[in-house]
Amino acid sequence: MRALGSLCLALLVAACAAVPSAPDAHFQAHVAQVLEEMWQEFPEYAVRMGNYKYADRMTVPDAARRERVIAFYDRQLAALARLDPAALDASSRVDFELMKNRFERGRWEQLTFKAWQWQPSTYNVGGDFDYLLITDFAPLDQRLRFFLARLDKVPAYYAAAKANVSDPTLEHTQLALRQNKGSLAVFGPQLMKKVDASGLGAEERALFARRLDAAKAATGDYIAWLTALETKLEAGPARSFRIGKALYEQKFAYDIQSGFTAGQLYRRALAEKARLHDAMEIRARELWPKYMGDAHVPADRLVMIRVVLDELAKHHARRDRLVQVVREQLPRLAAFVREKDLLDQDETRPLIVRETPLYMRGSGAGASISAPGPLDPTANTYYNVTPLDDAFTPEQAESLLREYNDWTLQILNIHEAIPGHYTQLMHANKSKSLVKSLFANGSMVEGWAVFGEKTMMDAAYGGGTSEMWLSWMKWNLRTVVNTILDYEIQTMGLTRDAAIAMMTREAFQQQTEATEKWRRATLSQVQLTSYYNGYAEITALRDEMRAREGPAFSVKDFNNKFLSYGSAPVRLIRELMINGR
Ligand code: ZN
Ligand code: ZN
């Protein structure tokens, strides 16, 4: 398979070029062995990362499986404990830290956090099956045979799911319902048409049809079971989705790997919110006459800012053209980055804008990037945009269109695509360190996308108008308020009404956006802080490097260098950039 061939080549080149010292060579050999074990233990993860060796295997999440997974983490942590990180070079030391964090986190998730028990939405087979169909890593016949082998396990998978779920939250039960219903679309009539038109023999096709019926029945059974569960939970009592302070600090430490504690970041965010309000007041006052003529200026500055933002929001795309408008903007962003010489791009890796697949909808996000794994960096990258179809009422659609108006839609595209997630992941996939690509730090990834927005603004993107700046500030305020909301919701009991009031009054959000964000905040924990945390850390590092290098400092060199280390925690990248290795 193409992906494996290019992986071996990449590793050989890296090994030859670097001429590692004995401890580093020993460590990298250890890494290779650990990864080989990981592909076997986590075949679905392997496929997502671009290793297709075990693409015909499906893991059944039962108790025996959990024992194996915990034993795997224990074994890996014991092996790391026998190594001396002080003897390694800086890059290997970062790999060491990433692996240690990854295995400790995995162990903690199994034994302490236990989402497998209280989040029924953990269980959903649709995404992994669909991935085999849409990823062109082998001839279709072969991928259909992998599909066929995996289909056999679907009934056991959902039986294990039902056995695992205990004391779930209503919110995760409802998400599980919605997404598993979406998964049934993967098993829809067009699949059997594809099988019948394939090179599979008559017996294989018959077996496929039988297993598909059983898989559909098992999924349907889980949906029915969840529906009954939902009714019971709605009548109450049900577990709270709020995880509390102790678990929150632990999850923050494992997931964000920040230089800050969760409490420190929360206090920084409160101060940043106040600063943004000051800056927005200046821009809004300047725009007032242009949009409001000599209308009376409200005494409450938040109300005044809101009025100007509402005027800007009236300029937006047509409901049926949203996906198309996104598609048209991307080449313009690439041209601007090239013209301003902000960082390297790769024209040979196309970004394909598509409508978000059904099984991915419903978790609240309107746009996302599905990137190829580091082992298969030439696979397609998709920019998923959720079309405003019949799932949205006219009022909801209008509210979202105003939220993603002519200015903010551009910032969204900068964030998701260029020079945000798409560009960053393209750089990460070229990194020589597989560990840094595989064990990506989400806060660095999200922080980069936010930092990319500011980089474009600093380069006078959109003409550097006050409309563009005010829109960006509102957008940036969202990442700051996400941090505040997440912390207050999960650890301080912030109510739905108070949260929505904060989002609409203090962060100027539309009602639909705010209620969707509330939903997301009930379904995830800590993740909403990752944006602001990463942005704050990268900005501080950029300022530090600028101060060190003085007039020799180059934005492009900083960006390329920063991205060259892969998706590692910012504080570890800082070590590498400062120590120069
Ligand atoms: Zn409108
Ligand atoms: Zn993002």
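This talk goes through the zinc sites, strands, one helix, salt bridges and domains of a predicted model.

Some ground rules come before the structure. The model is predicted, so local features need pLDDT of at least 70 and side-chain atom pairs count only at pLDDT 80 or more, while totals for chains, interfaces and linings use all residues. Residues are numbered from 1 along each chain as its sequence is written, chains are lettered from A and ligands numbered from 1 in the order in which they are written, and side-chain values use heavy atoms, with hydrogens and water left out.

I start with the zinc ions. Which residues coordinate the zinc ion called ligand 2? The protein donors are His415 and His421, each through NE2, and Glu446, listed twice through OE, at 2.0 to 2.8 Å. A donor here is an N, O or S atom within 2.8 Å of the metal, or 3.2 Å for Na, K and Ca; water is not among the atoms, so sites may look incomplete. In sequence, the spacing of these donor residues is H-x5-H-x24-E. Histidine 415 sits in helix 18 (residues 408–416) and glutamate 446 in helix 21 (residues 442–458), so this pair, 31 residues apart, links distant parts of the chain. Helices (H or I, at least four residues) and strands (E, at least two) are DSSP runs, numbered from the N terminus.

The angles among the 4 donor atoms of ligand 2 run from 52 to 152°, and the site is irregular. For the label: four donors are tetrahedral if all angles lie between 85 and 135 degrees; four are square planar and six octahedral if opposite donors are over 155 degrees apart and all others between 65 and 115; anything else is irregular.

Are the ligand 2 residues buried or exposed? Histidine 415 is buried, with a relative accessible area of 6%, and glutamate 446 is buried at 12%. Buried means under 20% relative accessible area, exposed over 50%, and partly exposed in between, with a 1.4 Å probe and protein chains only.

The zinc ion called ligand 1 is coordinated by His316 through NE2 and by Glu398, listed twice through OE, at 2.0 to 2.8 Å. Histidine 316 lies in the loop between helix 15 (301–313) and helix 16 (322–340), and glutamate 398 lies in helix 17 (residues 394–403), 82 residues apart. Histidine 316 is partly exposed at 23%, and glutamate 398 is partly exposed at 30%.

Back to His421 for a moment. His421 is one of the buried residues of helix 19. In that helix (residues 421–428), 7 of the 8 residues are buried, so helix 19 is largely enclosed by the rest of the structure.

Next, the strands. Strand 3 (residues 381–385) runs antiparallel to strand 2, joined by 4 bridges. Strand 1 (residues 351–355) pairs with strand 3 in the parallel sense over 5 bridges. Two strands pair if DSSP finds at least two bridges between them. Valine 385 of strand 3 is the bridge partner of alanine 367 and stands opposite glutamate 355. Tyrosine 383 is the bridge partner of isoleucine 369.

How do the side chains of strand 2 (residues 367–370) alternate? Ala367 and Ile369 point to one face and are buried, whereas Ser368 and Ser370 point to the other and are not. In strand 3, both faces are covered: Thr381, Tyr383 and Val385 on one side, and Tyr382 and Asn384 on the other, are all buried.

Now salt bridges, meaning a side-chain nitrogen of Lys or Arg within 4 Å of a carboxyl oxygen of Asp or Glu. The count comes to 39. One of them joins glutamate 36 and lysine 53, with the closest N and O atoms 2.9 Å apart. Glutamate 36 is in helix 2 (residues 22–41), and lysine 53 is in the loop between helix 3 (43–49) and helix 4 (63–81). Glutamate 36 is partly exposed at 29%, and lysine 53 is partly exposed at 42%.

Lysine 251 and aspartate 255 also form a salt bridge, 2.8 Å from N to O. Both lie in helix 13 (residues 245–256), 4 residues apart, about one turn of the helix. Lysine 251 is buried at 10%, and aspartate 255 is buried at 13%.

Aspartate 320 and arginine 318 meet in a salt bridge of 2.9 Å. Aspartate 320 is exposed at 60%, and arginine 318 is exposed at 54%.

Last, the domains. The chain is divided into domain 1 (20–113), domain 2 (120–235) and domain 3 (269–317 + 394–410 + 431–578), with bounds from an automatic or database domain assignment. The C-alpha centres of domain 1 and domain 3 lie 34 Å apart. Their contact, meaning heavy atoms within 4.5 Å, takes 16 residues from domain 1 and 12 residues from domain 3.
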